Amino acid sequence: MSDDVKINRGLIGVYFDRSAISHIDGSKGELSYRGYSIHDLATQSTFEEVCYLLLNGELPSASELATFDAALKAARSLPPAILDILTACKDGHPMDALRTAVSALATLEPQSQDASLDGFMTNAIRLTAQVPMIIAAHHALRQGRRPTAPDLTLSHAANWLWMLKGEKPSHDAARLADVDFILHAEHGSNASSFAARVTVGTEANLHGAIVTALSTLAGPAHSGAAEDVMKMVTEIGSPDNAAAYVKAKRAAKEPVTGFGHRVYRAEDPRARHMREGVRKLGEEMGAPEWYEILQGVVEAMKPYARHGLNVNVDFYSGVIYQLHGIPMDLYVPIFAIGRMPGWAIQCIEQKRSNILLRPLTLYNGPEMRPFIPLANR
């Protein structure tokens, strides 16, 4: 065993490759996709446009966007066997159902086996369209109703809400869902994206890599914050209780959910765009108290900002979903809807200059020793 080998547990601080997809400056609280600030994308773009940007490297022209949007809408279909599978597992967790359905698509759609770069791009578009359909269909089936057919006149985000709830969303509600997807679309080499790249490194197809990403995302250490924030807000109950809640948590040396991030020391740059959305949606839905509770927690946490405990994007996401009446076990699947183009381009980038990802572990077990036959043990 070597004493001069440096161990970076969790691969913290390790650069395993170069990437032209997204840039994160954790100390400044900055995030960009393909060189475009997340603030500009969240306020001036659409999820379809961001998907194109991530997958192609440049913003689309009007005609390019129309062609891309048409391809996304044309892919809003599922083989009948997928609905049979979702029916069979309708009582399971939505993330398990989603992972199972994506895996099944690899056996039901011949084009899924195309592991070329062109095949990855085609399947990226198909899966981006199909993932929200799977989630909405499973939710309908577990409620004992037939899945809602997609509406090809609606945007990606608006159609998702339509399929999930069976009613057309307002313009503001659809736009907020759109922004939510934009903010979650890509975030560097996070656990699920890295896991997907490891899978692609073995020359697996895109469906296999996305199954890996979904399995990784399902872990609460990666994606459980939005659900935990909603539980916290429910526990606080009133804006007047926020300061006491935070004080008790800090006194017990317990974390306050929704604050702090693995890569950000400043405020998560995505958070501001969800903050205003929560305020507006709360007013639209006649429930402004949720926003007021969140802001009460933010105010109480200000003294700890210098320690890097700033609000992150998931602090607001859960309340948005709650205002839509969306069950908590759908929060992580919604994350997957937004992250699909990010996973896909991470896989495509890995594919373009592929190498098997095989890190080392430093052995610290017993020294070589003689084998003792079973009769003598």
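**Helix H3, the core and the cysteines**

Student: What span should the 13 residues of helix H3 have, at 1.5 Å a residue?
Tutor: Helices here are DSSP runs (H or I, at least four residues), numbered from the N terminus. The expected span is 1.5 Å times one less than the number of residues. For H3 (residues 62-74), the end C-alpha atoms are 18 Å apart, which agrees with the expected 18 Å.

Student: What is the basis of these values?
Tutor: Residues are numbered from 1 along each chain as its sequence is written, and side-chain values use heavy atoms, leaving out hydrogens and water. The model is predicted: local features need pLDDT of at least 70, and side-chain atom pairs count only at pLDDT 80 or more, while totals for chains, interfaces and linings use all residues.

Student: Within what arc do the buried residues of H3 fall?
Tutor: Buried means under 20% relative accessible area, and exposed over 50% (1.4 Å probe, protein chains only). Phe68, Asp69, Leu72 and Lys73 are the buried residues of H3. They line one face of the helix, because the directions from the helix axis to their C-beta atoms fall within an arc of 135°.

Student: Which residues are exposed on the other side of H3?
Tutor: The buried residues of H3 are covered by elements including helix H2 (47-56) and helix H6 (117-142). On the other side, the exposed residues are Ser63, Thr67 and Ala74.

Student: How many disulfides are there?
Tutor: A disulfide needs two cysteine sulfur atoms within 2.5 Å. For Cys51, the nearest cysteine sulfur, that of Cys347, is 14 Å away. The count is zero.

Methods:
Helix = DSSP H or I, 4+ residues; strand = E, 2+ residues; numbered from the N terminus. Contact = heavy atoms within 4.5 Å.
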